[in-house]
Amino acid sequence: MKWSGLIILVLAGGLLAYSAPDLPAYGDPESPASQHVSPRMIEKGYEETGAKNLVTAVLVDYRSFDTLFEAVVILVAGLGAALVLWPDHRRRDP
Amino acid sequence: MLHDILGWYNYWLIAVLILVGIYGMMAKRNLLKKLMGMNILQVSIILFFLTLSPKEEGSMPVFDAELASTAAGYANPLPQALMLTAIVVGVATTGLALALLVRVHRTFGTLEEDDIMEDLR
Amino acid sequence: MTGVYESPIIRFIARVQAPALQMFALYVLIHGHYSPGGAFQAGAILAGSFLLPRIVEGSENGQRGLTTRGATWIACIGTLLFAGTGAAVLIMGGEGFMDYAGLHALPFDMPPGGATRAIGSLFIEFGVAMAVMGVMVILYDDVLARAPTTKE
């Protein structure tokens, strides 16, 4: 088990090291992540959403659907945690 | 060669964190330590997204009237917003996993995987 | 599991600090449109203000401010407020789900353009903050506080 784990680890590390130079350099303004929709969000964000904090603008306006289901996910996780531990609680103080 | 190694230092650090997380999930026999490995892996992914965000000469993504409203003047807000939700979801799912672990510990009296497997057998 | 601190200093500081944390959370929430901050952070700070009495006075006495049941209700109501705002602006004539331009149908003088959308998204931020706060309190109460200290 230990040896197979080590082999998998070395393979994964080699894969990561092999692919790292393809990634954009730190602070590159031309990186692919900053090319597609984010220039529009930065340039029009304040005037379209009224939020100076562009992260808030993205979070609650451009991607509000994403945020809605993220709130649903944390609600379900919280209720799930409550349900998992509920029966013991009821048995403890009837 | 040296530039290849030092120029991508953020990715190297993240790769180390990813490997630590994978090792923790794979090799540890304690369920709580496995969960900690998963959290380290999660943090490494969050750091990976965040390291794509800043730009040279770019300030933080809060609109400032004195700065020109150009894309190069601000850090990319998209990965930051995505990771803000990812952190909160991570906390919630970690809480759910901890609740499950509490349940496992009440049922089996231990969190060691080997002992649990013996009990199940 | 969660110790009860008998020291009066710790109890006093916790009692004084909780309202200050709530005020700060409200500031972070409402000012999140203009400075770093926002709903998630505000929800976490708000949860901290309710977890402080639980940590200091034990999980039974600490329920004074907000019970676990209340936190569950608040989390559910927050998520409903979020979804309800989205549906309401759709019914009021928005282009789609959560298009805050539908708020212009209200019989008030709405500021033009982006400012109206900021008002709409403020409701959503309140919903998110309530959901996050409730879930944090639920998780603490269930994982830590309800665990039996003695073996059955």
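What follows is a dialogue on how to read a predicted model with several chains.

Student: Before I look at any shape, how far may I trust the coordinates, and which elements of chain A have the lowest and the highest mean pLDDT?

Tutor: As a general idea, where pLDDT is low, the predicted coordinates should not be read in detail. This model is predicted, and chain A averages a pLDDT of 84, with 90% of the residues scoring at least 70. Among the elements of chain A, the lowest mean, 55, belongs to helix 5 (residues 86–92), while helix 4 (residues 64–84) has the highest, 91.

Student: How should I read a single helix, and how many residues of helix 1 of chain A are buried?

Tutor: An α-helix has 3.6 residues a turn, so residues three or four places apart point the same way. In this model, helix 1 of chain A has 18 residues and reaches 26 Å from its first C-alpha to its last, which is close to the 26 Å expected at 1.5 Å a residue. That helix is hardly covered, since the count of buried residues among its 18 residues is zero.

Student: What is the secondary structure of chain C, and how spread out is that chain?

Tutor: Chain C comes to four helices and zero strands, and from the N terminus on its elements run α-α-α-α. Its radius of gyration is 19 Å, well over the 15 Å that the globule rule gives for 152 residues, so chain C is more spread out than a compact globule. Along its principal axes, the C-alpha trace of chain C spans about 60 × 35 × 25 Å. Buried residues make up 43% of the 152 residues in this chain. If you take the contacts in chain C between residues at least 6 apart in sequence, 64% of them join residues at least 24 apart.

Student: How do I describe a contact between chains, and how many residues do chain A and chain B each give to theirs?

Tutor: The size of an interface is often given as the accessible area lost when the parts come together. Here we can count residues instead: the contact takes 45 residues from chain A and 46 residues from chain B. On the chain A side, helix 1 (2–19), helix 2 (38–49), helix 3 (54–62) and helix 4 each supply at least two residues, and the largest share, 10 residues, comes from helix 4 of chain A. The residues on that side divide into 27 nonpolar, 11 polar and seven charged.

Student: And what does the contact of chain B with chain C take from each chain?

Tutor: That contact takes eight residues from chain B and nine residues from chain C. The side of chain B that touches chain C has seven nonpolar, one polar and no charged residues.

Student: Where should I look for a nonpolar core, and which residues touch the most other members of the largest one?

Tutor: In soluble globular proteins, nonpolar side chains tend to be buried together. The largest nonpolar core in this model has 63 residues, of which C:V132, C:V135 and C:V137 touch the most other members. Its largest share, 16 residues, comes from helix 4 of chain C. Leaving aside residues up to four places away in sequence, C:V135 touches A:I74, A:L75, A:A77, A:G78, B:A92 and C:A75. Apart from the largest core lies another, of six residues, among them B:W8, B:Y11, B:I14 and B:I22.

Definitions and conventions
Residues are numbered from 1 along each chain as its sequence is written. Chains are lettered from A and ligands numbered from 1 in the order in which they are written. This is a predicted model: local features need pLDDT of at least 70, side-chain atom pairs count only at pLDDT 80 or more; totals for chains, interfaces and linings use all residues. Two residues are in contact if their C-beta atoms, placed from the backbone, lie within 7 Å. Ala, Val, Leu, Ile, Met, Phe, Trp, Tyr, Cys and Pro count as nonpolar, Asp, Glu, Lys and Arg as charged, and the others, Gly among them, as polar. The radius of gyration is taken over C-alpha atoms; the globule rule is 2.2 Å times the number of residues to the power 0.38. A residue is buried if 20 or more other C-beta atoms lie within 10 Å of its own, exposed if 12 or fewer, and partly exposed in between; C-beta atoms are placed from the backbone. pLDDT is the predictor's confidence in each residue, from 0 to 100. The expected span of a helix is 1.5 Å times one less than its number of residues. A nonpolar core is a set of buried Ala, Val, Leu, Ile, Met, Phe, Trp, Tyr and Cys residues joined through C-beta atoms within 7 Å.
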